[in-house]
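Here are a few exercises to work through with the model open in your viewer. Try each task before you read its solution.

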Amino acid sequence: MRTRTAGTSRRTSTTRAAVAAAAVLVLGLTTACGGDSGDGDKPAKPDTTADASAEANDPKDPGQVSEPPPLEEQPKTVDPKVKGVGAGGGRELTETELAAAVLATGDVSTFKVDPMDGPPAQGENADDPACAPLTAMINGKPEPEASAAVYRQLLGAKTGRPAISEFLTTHGTQGAVSLLSRLGDAVKACEDGFKGSGAGSTSTYSAVKRIDVPKAGDDTLAYQVTGDFEGDPVPLVFHVVRVGGTVATFYTANLEGTATPEIPSILLATQAAKLK
């Protein structure tokens, strides 16, 4: 994820940040950020060759931290050309129907959308069962288990920033309502943090907090999980919106600083409109 440079500064190129953002989603903080390797409790570090080369040509003071550029202005309303697929009744969509309903390039003018591979079979498990819904989302596999799912990567159309991952899952109305309810309970129960483990490694999440977000669809929840990489905080943000039995999850991470990264609300509003 982020790597240390001179002093305690960390820098990441735009391309590396976008790739790493997707990696954190599908691999979990353990693999993407290093985590504890199980070898003398020493964190495994990502390859820093590209970063070291880039920094050699970086005229900035090594004591500074690169911050992402500001987001371009977002549309205020949903594009009227976006039409709903009729998922509001609660029926479980097929994978083909989800692929037609998920955001695509052109739905939101400020974003382009690309396919993204789904997560690996094995993910993280929370040390506290109350926090299991949080690691399920980090794994890209919200619980209760979806009957179908599709995954997309959203990138700012002009700058490639921000890099946001979306997964669209179908559960039926009862399952989708339960998903958001359990997730909300986990945000409260795990506000002081928790640990995740998987594939012989562990990850530390130091805090969890709820974030205000405009309502979209039938129900909406947003929260931040603060990961820990070699003592540096890594904010991971999830925005979740339910329409009937379908749940859209938007995820991003701040790989270059400690501020809460932004997910434009127009994405949630447009996805909700496309599902109804």
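**Exercise 1. Get the overall picture.** Among contacts between residues at least 6 apart in sequence, what share joins residues at least 24 apart?

Solution. Start with the contacts: 69% of those in the protein chain that link residues at least 6 apart join residues at least 24 apart. Next, keep in mind that this is a predicted model. Then take stock of the elements, which come to six helices and nine strands. Finally, look at cover: of the 276 residues, 50% count as buried, and the accessible surface is about 12,200 Å², with 50% of that belonging to carbon and sulfur atoms.

**Exercise 2. Decide where to trust the model.** Find where confidence is lowest and where it is highest in the protein chain.

Solution. Begin with the average: the chain has a mean pLDDT of 79, and 75% of the residues score at least 70. Now go element by element. Helix H2 (residues 49-56) sits at the bottom with a mean of 36, while H5 is at the top with 97. Then check the stretch around H2: over residues 1-65 pLDDT stays under 50, and the model has 140 contacts beyond four places in sequence for those residues.

**Exercise 3. Trace the sheet.** In what order do the nine strands of the open sheet lie?

Solution. Walking across the sheet gives E1-E3-E4-E9-E8-E7-E6-E5-E2, with antiparallel pairing. At the edges are E1 (111-115) and E2 (125-126), each of which pairs on one side only. Now for the helix on the sheet: H5 (residues 172-189) packs there and touches E4, E6, E7, E8 (232-243) and E9, with its direction at about 45° to that of E7.

**Exercise 4. Match up strand partners.** Pick out which residues stand opposite Glu166, Phe194 and Val208.

Solution. Take E4 (residues 163-170) and E9 (residues 246-253), an antiparallel pair with six bridges; here Glu166 faces Phe250 in E9. Move on to E5 (residues 194-198) and E6 (residues 201-210), also antiparallel, over five bridges. Phe194 lies opposite Tyr205 in E6. The hairpin of E5 and E6 has two residues between the strands, and Ala199 takes a positive phi near 55° there. Last, E6 is joined to the antiparallel E7 (residues 219-229) by six bridges, where Val208 has Val225 in E7 as its bridge partner.

**Exercise 5. Dig out the cores.** Which element gives the largest share of the largest nonpolar core?

Solution. First, size it up: this core has 30 residues, and Leu134, Leu183, Phe194, Val208 and Tyr223 have the most contacts inside it. Second, list the elements giving two or more residues: H4 (132-138), H5, E6, E7, E8 and E9. Third, the largest share is six residues, and they come from H5. Now zoom in on Leu134: leaving aside neighbours within four places in sequence, its contacts are Leu183, Ala186, Val187, Cys190, Phe194, Val208 and Tyr223. There's also a second, separate core of 28 residues, which includes Leu98, Ala222, Val241 and Ala272.

**Exercise 6. Judge a helix.** Is H6 (residues 265-275) mostly covered or mostly uncovered?

Solution. Use under 20% relative accessible area as the cut-off for buried. By that test Ile266, Leu267, Leu268, Thr270, Gln271, Ala272, Lys274 and Leu275 are buried. That's eight of the eleven residues, so H6 is mostly covered. Ala272, on this buried list, also belongs to the second core.

Definitions and conventions. Residues are numbered from 1 along each chain as its sequence is written. This is a predicted model: local features need pLDDT of at least 70, side-chain atom pairs count only at pLDDT 80 or more; totals for chains, interfaces and linings use all residues. Side-chain values use heavy atoms; hydrogens and water are left out. Buried means under 20% relative accessible area, exposed over 50%, partly exposed in between (1.4 Å probe, protein chains only). Helices (H or I, at least four residues) and strands (E, at least two) are DSSP runs, numbered from the N terminus. Two strands pair if DSSP finds at least two bridges between them. Contact means heavy atoms within 4.5 Å. Accessible areas come from the Shrake-Rupley method with a 1.4 Å probe; for residues, only the protein chains shown count as cover. Axes are lines fitted to C-alpha atoms, for helices over the stretch in contact, and angles run from 0 to 180 degrees between N-to-C directions. pLDDT is the predictor's confidence in each residue, from 0 to 100. A nonpolar core is a set of buried Ala, Val, Leu, Ile, Met, Phe, Trp, Tyr and Cys residues joined through side-chain atoms within 4.5 Å.
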